[in-house]
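Trainee: I would like to test the labels used for this model against their cut-offs. Can we go through them one at a time?

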Amino acid sequence: MTTSATARAFANIAFIKYWGNRDDELRLPANPSLSMNLDGLYAQTRVIWDDNLTDDSLILNDEPQRGKALERVSRHLDIMRQRLCIQSRAQVISHNNFPMGAGIASSAAAFAALTLAAAQAGGVSLEERELSALARRGSGSAARSIPSGFVVWHQGHDHESSYAESVAAPDHWDLVDVIAIISAAHKATGSEDGHKTAATSDLQVARVHGAQSRLETCLEALRTRDFPLLAQVVEHDSNLMHAVMMTSRPPLFYWLPTTLAVMQAVRQWRAEGLNICYTLDAGPNVHCLCLSAEAPIIQERLSSIPGVRQIVSAKPGGAAKIIA
Ligand code: DP6
């Protein structure tokens, strides 16, 4: 017998970052985090459970995968098989519509879409909370790509209690993430290995200690649509995470010279009156958050900075959904 389903999930950008796990196996994070889904930047994944297969397979952006990418998907399918009481192997066909080689993190969208499609194809309708917790097992930030809009991932203390939920709908605030793409090169150290080194930085304890308070400040900024407050806490949280990365052993330096040039320009433009702030994930590209009315001028200014190769923009996005 074969059963199949297709799901689509958006990528997300964290305003309060997830960096480091208390439990690597379960992906229980060291701190709670908060993010915005990125409308239009999605992974679309079809899962076909098939009794006749002897192994799982993965086709990503039309290319059959082996090695690490397939192993990670197959490990996640094991978790889904256990939950859904399925013995079959699966064929997974996925593509994302991010600009090719733009270096935008794809694991959040990918594992959120995979989790939803696998459950639906298995004939089981799971609550959003459980889908989020399951997506977390594939990639921590994928927990946040299940619910809609602006999302908080509760740290939790076990599998069930560590899940994400929406705190505001996409239309709550007309923010735009204008992403300055600086390098398309593959990261030397991905976030999976990065999380494991977080605790080797003396600064991680302090970052984790203040995370709940920063998250509350960020929630307040969201609730009242207070851009200056959002800018202050989002940049501070990103700077703290990168300070931890740079002081880990071995250290992780994700910035390139253009990264710093963009960060300085953003701070300058804010001082001149624009509503803009930056945040960076585990890579050199700079996510510039701004109000939609000011997005065109920010896109124009960013694209004139030498070393900025491409600009990609996204509004707040909705929840992961079944599309077939
Ligand atoms: C820097 O969710 O990509 O983007 O669980 O190993 O897949 P894995 O890690 P991942 O880590 C995201 C780290 C970050 C910050 C964030 O999105 O909160």
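What follows takes the ligand site, two backbone angles, a cis bond, the cores and one helix in turn.

Mentor: Ground rules come before the labels. This is a predicted model, where local features need pLDDT of at least 70, side-chain atom pairs count only at pLDDT 80 or more, and totals for chains, interfaces and linings use all residues. Residues are numbered from 1 along each chain as its sequence is written, and side-chain values use heavy atoms, with hydrogens and water left out.

Trainee: Which residues come nearest to the ligand?

Mentor: Arg 27, Arg 72, Ser 139, Gly 140 and Ser 141, out of 17 residues around the ligand. A residue is near if one of its heavy atoms lies within 4 Å of the molecule.

Trainee: What makes the pair between Ser 141 and the ligand a polar contact?

Mentor: The term needs a pair of N or O atoms within 3.5 Å; within protein, one must be able to donate a hydrogen and the other to accept it, and residues adjacent in sequence count only if both atoms are side-chain atoms. A polar side-chain atom of Ser 141 is 2.6 Å from a ligand oxygen, so the pair falls within the 3.5 Å limit. Backbone atoms take part too: a polar one of Gly 140 lies 2.7 Å from a ligand oxygen, and one of Tyr 18 lies 2.9 Å from a ligand oxygen.

Trainee: How much of the ligand does the protein cover?

Mentor: 96% of the 460 Å² of accessible area that the ligand has on its own. That area comes from the Shrake-Rupley method with a 1.4 Å probe; for residues, only the protein chains shown count as cover.

Trainee: Why is Arg 27 called buried?

Mentor: Its relative accessible area is 11%. Buried means under 20%, exposed over 50%, and partly exposed in between (1.4 Å probe, protein chains only), so Arg 27 qualifies as buried. Arg 27 also has a positive phi, near 55 degrees. Its place is the loop between β2 (21–23) and β3 (28–29). Helices (H or I, at least four residues) and strands (E, at least two) are DSSP runs, numbered from the N terminus.

Trainee: Why is Asn 61 called partly exposed?

Mentor: Its relative accessibility is 26%, so Asn 61 sits in the class between buried and exposed. Phi of Asn 61 is positive as well, near 50 degrees. Most residues other than glycine have a negative phi, and most peptide bonds are trans.

Trainee: Which peptide bond is called cis, and what is its omega?

Mentor: The bond from Arg 249 to Pro 250, with omega near 0 degrees. Pro 250 is in the loop between α7 (227–246) and α8 (257–271).

Trainee: What makes a set of residues a nonpolar core?

Mentor: They are buried Ala, Val, Leu, Ile, Met, Phe, Trp, Tyr and Cys residues joined through side-chain atoms within 4.5 Å. The largest core has 63 residues, and Phe 15, Trp 49 and Leu 230 touch the most other members. Helix α2 (residues 107–121) gives the most, ten residues. A second, separate core has 21 residues, including Val 262 and Met 263.

Trainee: How do you know that α3 is largely enclosed?

Mentor: Eight of its eleven residues are buried, so the rest of the structure largely encloses α3. Among the buried ones are Leu 131, Arg 136 and Gly 138. Their cover includes β3, α1 (67–84) and α2. Contact here means heavy atoms within 4.5 Å.
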